[in-house]
Structure formats: structure tokens, C-alpha cells
Amino acid sequence: MSFDEVYPERSRGAQGKLRKSKGYVLLLASVAALGGLLFGYDTGVISGAILFITKDFGLPTHLQAFTISVVLIGCIAGSAVAGPIADRIGRRWTLFVAGVIFCVGGIVSALAPNEETLLAGRFVVGIGIGFSSVVAPLYISEVSPANIRGALVSFYQFAITIGILIAYVVDFAFAAGAQWRWMLGLAVVPAVILMAGMLRMPESPRYLLRLGRNLQARAALQHIYLDADAEKQEEASILESLRTKSQGFEAFAQPAFRLALFIGVTLAFLQQITGINTVIYYGPQIFQMAGFASAGASILAQMLVGSVNCFMTLIAIFFVDRLGRKPLLYVGLSGMFLGLAALAYAFSQPHLSGSLRTIAPASMMLYVGCYAFSLGPIVWLLISEIFPLPARGLGMSISTLANWVGNFLVSQFFLVMIARLGRPGTFGLYAALCIVTIIFVRTMVPETKMELLERVRVGPVIGAATSSDVP
Ligand code: BGC
């Protein structure tokens, strides 16, 4: 059932109030999205800092690699526990705790007197990223009215890309003075704002209703909707969904939850194994493979990648609620496929000269740009939408865990794959995985545009008119 069918009065008279409530929800989303900014910043910043850390601590190669990847191990650990914690202590407090973890990790890393302390600090930062990658999209999705939910969760992805871009710029700015401690330590600023902000934000009304704190939930819903009828209908719909579904780990007994989990885990994993972080983490190396002469030119090209990644996310913000999740995924994944196939073709030629020199970087931009308005934001959006409320934190945690495992595998094995499969083979494989993703989206993923969260249903979608196959 569509949003307008549920709230017919919305389509007629209540647009003015809706506009005011949008401002309020945007404020909530912006504070929570700081979790995304920190996610982007803290994963991106190490690529520039590592050169100077290596020098200061005299790191051998294997410790260099571990200093980069230890954050991902923290992310895996943090995302595994964040959902159940958010189901227990609430979304708001879990995000506050994420802010505290980011602060502690940032300070320990920036002041680390030796490699061991630095590793511990970066592991703690990883736990913070794991927490926020589960709970920030979950919180945003739960406080958003259905008709702008896609835009607001995409805004979270926008914050990730801004964080990555800021990290590249900060690395560049502090490189001259070899100031890696500032690079790592600056993350404390948004972390403090996140903590202070979450102290003032309301709890998710869905979480409050689940606890039976109906008065508080009603107050939160009133702020969001400024419309008594809409708010009552939303409350009734949430309460109904709580009556019929099992809580927490009991949810595994439900076929609909298991199916949602299969879809969430697969999508989150596919987001990574189609190769995005090869470009985000190893961009300068790929540019050098493509014939860029100097390290400086490659780093500048990488900033261009970061900007394309950031600005193209705006397309998702503007169109994901109008056109729907699946059309954007089809267009974006097709573009990603073309970009990767062109890159594989360019690398298969014996010499990268003439127009091939242009094709390689251009196809990387095409790939990143298309990812930015499709698989990037929409995976976070869908995994915050498809799980039933009583087990939503758990479902998001497991899916996000799969995302970080995929991230770890791709970033660890990218250079090994280049050595074993060659450049055309590696990028060709990622291209093939984009096609697999298109088929998966076509057959398994429901269209959730304009659906109230409680009415989203999962099930095989081939031949179905709506997404409501599984009762
Ligand atoms: C992914 C990250 C990636 C980023 C790039 C996010 O959605 O989860 O792994 O680095 O997009 O923008």
C-alpha cells in the first residue's frame, strides 16, 4: 500500500505541515549522519597517514598493512554487537556511545607513543565505525516519514563520502609537515558534536513503542508529523507490527525474517565485492597502473574520485523517493559494469597509450559516479527497511557485519588478485559481479519506495505486482 493511500489527506491539505516537519527530521538525520562522516573520515584518512607513521615507528611491510586493516577488524567486531545493543538500550544511546568510542579511539591513536598503542587506538576507532554503520542508518530510517526516508538515508551515504573527501584533503594539507597525529586526531571534533547532539535528539518512536513507552513515542511522532491523524495511523501500524512478530533472536524461527536476512546479507556483501574500495583505498596505485607519471598527479586524481563520489550521491538524494530504489540500482549497476568492463579492456591492451590513457581514468570516474547514486546509498537504505521492527537491530547488525567482512576481504586480497588474475581479470571479475547484483536485485529485492516501514514485505519479486508476498 502506498503512502498516499495510507494518508489520503496528506495528498490534499497537509503539505504545509509536512514541509515544516521535514526540517525537523532533516536536523535529526544530520546529527546521526555525523556517524557516517566519521565512518568516511576514519576509513579514508589512514591512506595518507601511513607513510609518516611507517617512518616514525620504522614499520616493516606486514605491520604497515596491519595498521591499515586493524580498523576493519574493529568494524567487524563493532557491527556484530551494535544491533542487539541498539535493540536493548535504544538507537539514541547507542549512537551516543559510538561518539564516545570515536573520541577515545581518536585521542589514543593521535597520542600513541608506540605502534602497539596506535593499533589499539585504531581498533577502538573501528568499533566506533561498526557501531555507527549499523545504528545511524537505522535511526534515520526509523525517524523518517516514508516519503522522504530514501533521501534521508541517502544523506547518510552523502556524509560518508564527505568524510572520505575531507580525509583526502586533510592528508594533503598535513603531508608537508608529516603531521599524522593531526590527521588521526581531528576526528575527535565531529565525534564530540555527535555525542553532544545525540544527548538532545529524541529516541526513535519505533523503539519507544516497542518498549511500551507510548506517551514518549507519541510525543516523538507528533514532532515528526505535526499531523494528528497521520501520527495515529503510524502508531497503530507500528503497534500492529509489534503484536505479530517475535522479538530479537526468536525472529530466526520466522521464514520472512530469514529471507530478509538473506537479502540483507547478500546485498551488503555485494556492495563490497563489486570492488568499490579498490578505488577508494587503492585509487592512487590504480592511477599509476593506468600511466599517471607522478604520485602527486595520482593523489590529485584521487581527490577528483572523492569529489565525483560525493556529488553523484546527490542524485540518489533527489531521485530515490521519486523513481524508487530498484530503477536507480539498475541504472547505476549498468554504469558500474560499463566502467569496469572498459577498465578491464584498457588494461588488457599491451600499451596504455593515446585514447586508452583517457579511457582508464574516465572509466574509473564512471564506475565511482554510478556507484555513488545506486549501490552506495541504496544498500544502506534497503537494509534499514526490510527487517521487522522487533528484530531490526539484529538484522541490520548481521547485514552490516557481512558488509565489513566483504570490505576486509576485498581490501586484503586486491593486490594479490592483481598479481594472480592480472588487471583485466580482476576488474573483469568485479564487472561480472555487477551483473550478478542486477539479477539479484531483479529477482529478490522488494521496491520499498513510499512504503511505511511496517508494511515492507520481502519475497521473490519476479512476477509479483507488489512487494507483499510473504505475510
Ligand atoms: C561503503 C564503503 C565505501 C563508501 C564509498 C559506503 O557505502 O559501505 O565501504 O567506502 O560507500 O563511498
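Start by selecting Leu 375, Gly 376, Pro 377, Ile 378, Val 379, Trp 380, Leu 381, Leu 382, Ile 383, Ser 384 and Glu 385, the buried residues of helix 19. Keep in mind as you look around that this is a predicted model. Helix 19 is mostly covered, with eleven of its eleven residues buried.

**Stop 1: helix 14 against helix 19**

What lies against this covered helix? Add residues 255-273, which form helix 14, to your selection; helix 14 packs with helix 19 (residues 375-385) at an angle of about 160°, and the two axes are 10 Å apart. Because of that angle, helix 14 is roughly antiparallel to helix 19. Turn the view and you can follow how the pair crosses, which is in a left-handed way.

Now show the side chains where the two helices touch. On the helix 14 side, pick Gly 264, Leu 267, Ala 268, Leu 270 and Gln 271; they meet Leu 375, Gly 376, Val 379, Trp 380, Leu 382 and Ile 383 of helix 19. Colour this contact by residue class and you will find eight nonpolar residues, three polar ones and no charged ones.

**Stop 2: helix 17 against helix 19**

Keep helix 19 on screen and select residues 325-348, which are helix 17. Helix 17 packs with helix 19 at an angle of about 145°, with their axes 10 Å apart. This crossing is left-handed.

Which residues of helix 17 meet helix 19? They are Arg 325, Leu 328, Leu 329, Leu 333 and Met 336, and their partners in helix 19 are Leu 375, Ile 378, Leu 381, Leu 382 and Glu 385. Sorted by class, this contact holds eight nonpolar residues, no polar ones and two charged ones.

Leave Leu 375 and Leu 382 highlighted for a moment: both are among the helix 19 residues that meet helix 14, and both are also among those that meet helix 17.

**Stop 3: the cysteines**

Next, show the cysteine sulfurs. How many disulfides are there? The count is zero. Click on Cys 75, which is in no disulfide: the nearest cysteine sulfur belongs to Cys 103 and is 17 Å away. Cys 75 has a relative accessible area of 0%, so it is buried.

Then move to Cys 310, which is in no disulfide either; its nearest cysteine sulfur, in Cys 370, is 16 Å away. Cys 310 counts as buried because its relative accessibility is 4%.

**Stop 4: two positive phi angles**

Most residues other than glycine have a negative phi. With that in mind, go to Ala 178, which is not a glycine and yet has a positive phi of about 55°. You will find Ala 178 in the loop between helix 8 (149-175) and helix 9 (180-185). Is Ala 178 buried or partly exposed? Its relative accessibility is 35%, so Ala 178 counts as partly exposed.

Now jump to Met 450, in the segment after helix 20. Met 450 has a positive phi of about 65°, although it is not a glycine. With a relative accessible area of 25%, Met 450 is partly exposed.

**Last stop: helix 20**

Finish by selecting residues 392-444, which make up helix 20, and pick out Ala 432 within it. Ala 432 is partly exposed, at 39% relative accessibility. To end the tour, draw a distance line from the C-alpha atom of Ala 432 to that of Pro 205: the two residues are 227 apart along the chain, and these atoms are separated by 42 Å.

Conventions. Residues are numbered from 1 along each chain as its sequence is written. This is a predicted model: local features need pLDDT of at least 70, side-chain atom pairs count only at pLDDT 80 or more; totals for chains, interfaces and linings use all residues. Side-chain values use heavy atoms; hydrogens and water are left out. Axes are lines fitted to C-alpha atoms, for helices over the stretch in contact, and angles run from 0 to 180 degrees between N-to-C directions. Helices (H or I, at least four residues) and strands (E, at least two) are DSSP runs, numbered from the N terminus. Angles under 35 degrees count as roughly parallel, over 145 as roughly antiparallel, 65 to 115 as roughly perpendicular and the rest as oblique. A crossing is left-handed if the near helix is turned anticlockwise from the far one by less than a right angle, and right-handed if clockwise. Contact means heavy atoms within 4.5 Å. Ala, Val, Leu, Ile, Met, Phe, Trp, Tyr, Cys and Pro count as nonpolar, Asp, Glu, Lys and Arg as charged, and the others, Gly among them, as polar. Buried means under 20% relative accessible area, exposed over 50%, partly exposed in between (1.4 Å probe, protein chains only). A disulfide is a pair of cysteine sulfur atoms within 2.5 Å.
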